[in-house]
Amino acid sequence: MYALTKADVFLYPRITNTYLQEHFPGLQVILQIALMKKILAALSVFVLLFFVFACDKNNNVSLFFSPSDDVALGQQVSDEIRADPNFELLSRAAYADAYVYLDSMVNAILNSGEVAYRDEFAWQVTIVQDDNTLNAFAAPGGYIYVYTGLIKYLNDADALAGVMGHEIAHADLRHTSRNLQRQYGVSFLLSLLVGEEASTLETIAAQVAGTAAGLSFSREFETESDERSVEYLAQTGFACDGAKLFFERLEASGQGGNTPEFLSTHPSPENRIENITDKATEENCDTTPSGNGGYAAFVNSLP
Ligand SMILES: [Zn+2]
């Protein structure tokens, strides 16, 4: 007969696989089911904790970066841009009138009631002097940049509001930190395990600030931002489908030029016009032009 000794405790897997299987074929199934139930119970608790504690205000999973990390990263990017001679930034003191107009447009969007991190993020918009660049971009934490080239090219308040909505959405939906989470997820977890998280964070911050890698987005994120722009503008006096006007203008003029941030990835202008139009129909929101009040004076206040 088989007698269980102390040494057998260490051989337990062998006992289940051989002895128990031979002598009690049904027992192993019961043990396996019991084990599976335990694993499932543990997993469901883990999944529950995961979603309770790791979802941000837009219900996106956020494991490693808090909203204040977004602001810290954005502040660092903003410092890098300010120190970079390639960016000629219009000062708020010298171009006060231009900023009054732009701030009022941005604030209308921020106060739409649709921006989740309205109060947590910095929401600072800066004009970049470069008439040859049709661009705008968003750093994490609400640091938004718009080029004079784009403002003059659009020549339309609803169109600019649409682009501003799109950029605000990139920041509010935390696209940069979600990109980084995808990029660094596993290695970041590993570094936490071996206590190297501080150096990992530094590396990440340097990469975001040093390159534009953290500021270019996938097709999915571009579409998401286009759609959020419609939802934001629906709660303002601007035409809710303003974001499509840029693409319409671009198509009409057959102009390529420099690749703007919001053209840098895959959705073609036609697809984006169609998608924004569909979203506006779905939202049943007002697409009446706002009337362009003050836009010409705004453009004239720029250098
Ligand atoms: Zn974009």
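Reader: Is Asn284 buried or exposed?

Author: This is a predicted model, so every reading here rests on the predicted coordinates. A residue counts as exposed if 12 or fewer other C-beta atoms lie within 10 Å of its own. Asn284 has 8 other C-beta atoms within 10 Å, so Asn284 is exposed.

Reader: Where is Asn284 found?

Author: Look in the loop between helix H12 (269-283) and helix H13 (295-300). Check its backbone too. Asn284 has a positive phi of about 55 degrees, although it is not a glycine.

Reader: Which value of phi does Asn59 have?

Author: Asn59 has a positive phi of about 60 degrees, and it is not a glycine either. Asn59 sits in the loop that runs between helix H3 (25-53) and helix H4 (67-83).

Reader: Why does Asn59 count as exposed?

Author: Use the neighbour count again. Asn59 has 9 C-beta neighbours inside 10 Å, so it counts as exposed.

Reader: How many helices and strands are there in the protein chain?

Author: The protein chain has 13 helices and 3 strands. Of its 303 residues, 34% are buried. Now take the contacts between residues at least 6 apart in sequence: 73% of them join residues at least 24 apart.

Reader: Now the sheet. What order do the strands have?

Author: The general idea comes first. Strands of a sheet pair through backbone hydrogen bonds, either parallel or antiparallel. In this case the sheet is open, has 3 strands in the order E1-E3-E2, and shows mixed pairing. Strand E1 (124-128) and E2 are the edge strands, each pairing on one side only. On average, neighbouring strands are turned by 20 degrees against each other, direction ignored.

Reader: In which sense do E1 and E3 pair?

Author: E1 and E3 pair in the parallel sense, over 5 bridges. To find the register, look for Val125, which stands opposite Ile144 in E3.

Reader: In which sense do E2 and strand E3 pair?

Author: E2 and strand E3 (residues 143-147) are antiparallel, with 4 bridges. Here Phe137 stands opposite Tyr145 in E3. The hairpin of E2 and E3 has 3 residues between the strands, and in it Gly141 takes a positive phi near 80 degrees.

Reader: Which residues point one way from strand E2, and which the other way?

Author: Read the side chains along the strand. In strand E2 (residues 136-139), Ala136 and Ala138 point one way. Phe137 and Ala139 point the other way. All of these are buried.

Reader: Which helix lies across E2 and E3?

Author: That is H7. H7 runs at about 20 degrees to E2.

Reader: At what angle do the axes of helix H5 and helix H7 cross?

Author: The axes of helix H5 (residues 96-110) and helix H7 (residues 157-172) cross at roughly 55 degrees and come within 10 Å. An angle of 35 to 65 degrees falls between roughly parallel and roughly perpendicular. H5 and H7 are therefore oblique to each other. Their crossing is right-handed.

Reader: Which residues make the contact?

Author: H5 contributes Met105, Val106, Ile109 and Leu110. H7 contributes Leu160, Ala161, Met164, Gly165 and Ile168. By class, the contact residues of H5 with H7 divide into 8 nonpolar, 1 polar and no charged.

Note on methods. Residues are numbered from 1 along each chain as its sequence is written. This is a predicted model: local features need pLDDT of at least 70, side-chain atom pairs count only at pLDDT 80 or more; totals for chains, interfaces and linings use all residues. Axes are lines fitted to C-alpha atoms, for helices over the stretch in contact, and angles run from 0 to 180 degrees between N-to-C directions. Helices (H or I, at least four residues) and strands (E, at least two) are DSSP runs, numbered from the N terminus. Angles under 35 degrees count as roughly parallel, over 145 as roughly antiparallel, 65 to 115 as roughly perpendicular and the rest as oblique. A crossing is left-handed if the near helix is turned anticlockwise from the far one by less than a right angle, and right-handed if clockwise. Two residues are in contact if their C-beta atoms, placed from the backbone, lie within 7 Å. Ala, Val, Leu, Ile, Met, Phe, Trp, Tyr, Cys and Pro count as nonpolar, Asp, Glu, Lys and Arg as charged, and the others, Gly among them, as polar. A residue is buried if 20 or more other C-beta atoms lie within 10 Å of its own, exposed if 12 or fewer, and partly exposed in between; C-beta atoms are placed from the backbone. Two strands pair if DSSP finds at least two bridges between them.
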